[in-house]
Amino acid sequence: MAGRKSEDEARVERVTWALMVLVFAVIYFLDPGEQDNIPNFLVPLAGTVILLGSGVYQSMRRWRVSPITWIAATIMLLMTLVNVSVNPDANFYGLTLLIFAGVIALGVITGET
């Protein structure tokens with residue numbers, strides 16, 4: 001069973017992926033006027049919280065956490081900081097969606113995230 005994930009570990013990763021998809025599902029189902037009211041920093045912040053939370057939780061249980069998770073969370077944290085302190089008008093929705101898709105795709109391909 002070396003190299004295989006426990007069912008609990010796989011479940012945590014599936015919940016992480018579902019939360020990432022949920023961020024964009026919620027935005028998708030909002031009216032365009034309501035979408036405009038969402039602060040630009042909120043989407044990358046949500047991704048940061050989801051990935052860092054998942055990584056910390058898995059680390060606390062001594063499960064392996066892919067570097068992809070940490071790198072993606074760091075990139076989204078930097079995007080959040082740019083939105084909050086440098087350019088509040090920067091819109092990182094598209095980049096955040098690509099990062100989410102990349103994390104999920106690489107997780108499926110490598111079996112790691």
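**Salt bridges, aromatic pairs and helix packing**

The count of salt bridges comes to 3. The model is a predicted one. Lys 5 pairs with Glu 13, and their closest N and O atoms are 2.6 Å apart. The partners differ in burial class. Lys 5 is partly exposed, at a relative accessible area of 23%. Glu 13 counts as buried, because its relative accessibility of 6% is under the 20% cut-off.

A further salt bridge joins the side chains of Glu 7 and Arg 14, with an N to O distance of 2.9 Å. Glu 7 counts as partly exposed at 49% relative accessibility. Arg 14 is also partly exposed, with a relative accessible area of 43%.

Asp 8 and Arg 11 form another salt bridge through their side chains, at 2.9 Å from N to O. Both residues lie in helix α1, 3 residues apart, so about one helical turn separates them. Asp 8 has a relative accessible area of 43% and is partly exposed. Arg 11 is partly exposed as well, at 41%.

Helix α1 spans residues 7–29 and includes Thr 16. Is Thr 16 buried or exposed? Thr 16 is buried, since its relative accessible area of 8% falls under 20%. Leaving aside residues up to four places away in sequence, Thr 16 touches Ile 50, Leu 51 and Ser 54. These three residues fall within the range of helix α3, residues 42–60.

Aromatic contacts were examined next. A pair of aromatic rings is described by the distance of the centres and the angle of the planes. The structure holds 3 aromatic pairs. In one of them, the ring centres of Phe 24 and Phe 100 are 5.6 Å apart, and the planes stand at 80°, so the pair is edge-to-face. Phe 24 belongs to helix α1, whereas Phe 100 belongs to helix α5 (residues 93–110). The pair therefore ties together parts that are 76 residues apart in sequence. Both rings belong to buried residues: Phe 24 has a relative accessible area of 16%, and Phe 100 has one of 2%.

Tyr 57 and Trp 63 form another of the aromatic pairs. Their ring centres lie 6.3 Å apart with the planes at 75°, so this pair is edge-to-face too. Tyr 57 is partly exposed, with a relative accessible area of 34%. Trp 63 is buried, at 18%.

Helix packing was described for α3 and α4. Two packed helices are described by the angle between their axes and the distance between the axes. The axes of helix α3 (residues 42–60) and helix α4 (residues 67–86) come within 8 Å. They cross at roughly 145°. The crossing of α3 and α4 is left-handed.

Which residues of α3 and α4 meet? On the α3 side, the contact involves Pro 44, Leu 45, Gly 47, Thr 48, Leu 51, Leu 52, Gly 55, Val 56 and Ser 59. On the α4 side, the residues are Thr 69, Trp 70, Ala 72, Ala 73, Met 76, Leu 77, Met 79, Thr 80 and Asn 83. The residues of this contact divide into 11 nonpolar and 7 polar, with no charged residue. Leu 51, a member of the α3 side of this contact, is also among the residues touched by Thr 16 of helix α1.

How values were computed: Residues are numbered from 1 along each chain as its sequence is written. This is a predicted model: local features need pLDDT of at least 70, side-chain atom pairs count only at pLDDT 80 or more; totals for chains, interfaces and linings use all residues. Side-chain values use heavy atoms; hydrogens and water are left out. Helices (H or I, at least four residues) and strands (E, at least two) are DSSP runs, numbered from the N terminus. Buried means under 20% relative accessible area, exposed over 50%, partly exposed in between (1.4 Å probe, protein chains only). Contact means heavy atoms within 4.5 Å. Rings of Phe, Tyr and Trp (its six-membered ring) pair if their centres lie within 6.5 Å; planes under 30 degrees apart count as stacked, over 60 as edge-to-face and the rest as tilted. A salt bridge is a side-chain nitrogen of Lys or Arg within 4 Å of a carboxyl oxygen of Asp or Glu. Axes are lines fitted to C-alpha atoms, for helices over the stretch in contact, and angles run from 0 to 180 degrees between N-to-C directions. A crossing is left-handed if the near helix is turned anticlockwise from the far one by less than a right angle, and right-handed if clockwise. Ala, Val, Leu, Ile, Met, Phe, Trp, Tyr, Cys and Pro count as nonpolar, Asp, Glu, Lys and Arg as charged, and the others, Gly among them, as polar.
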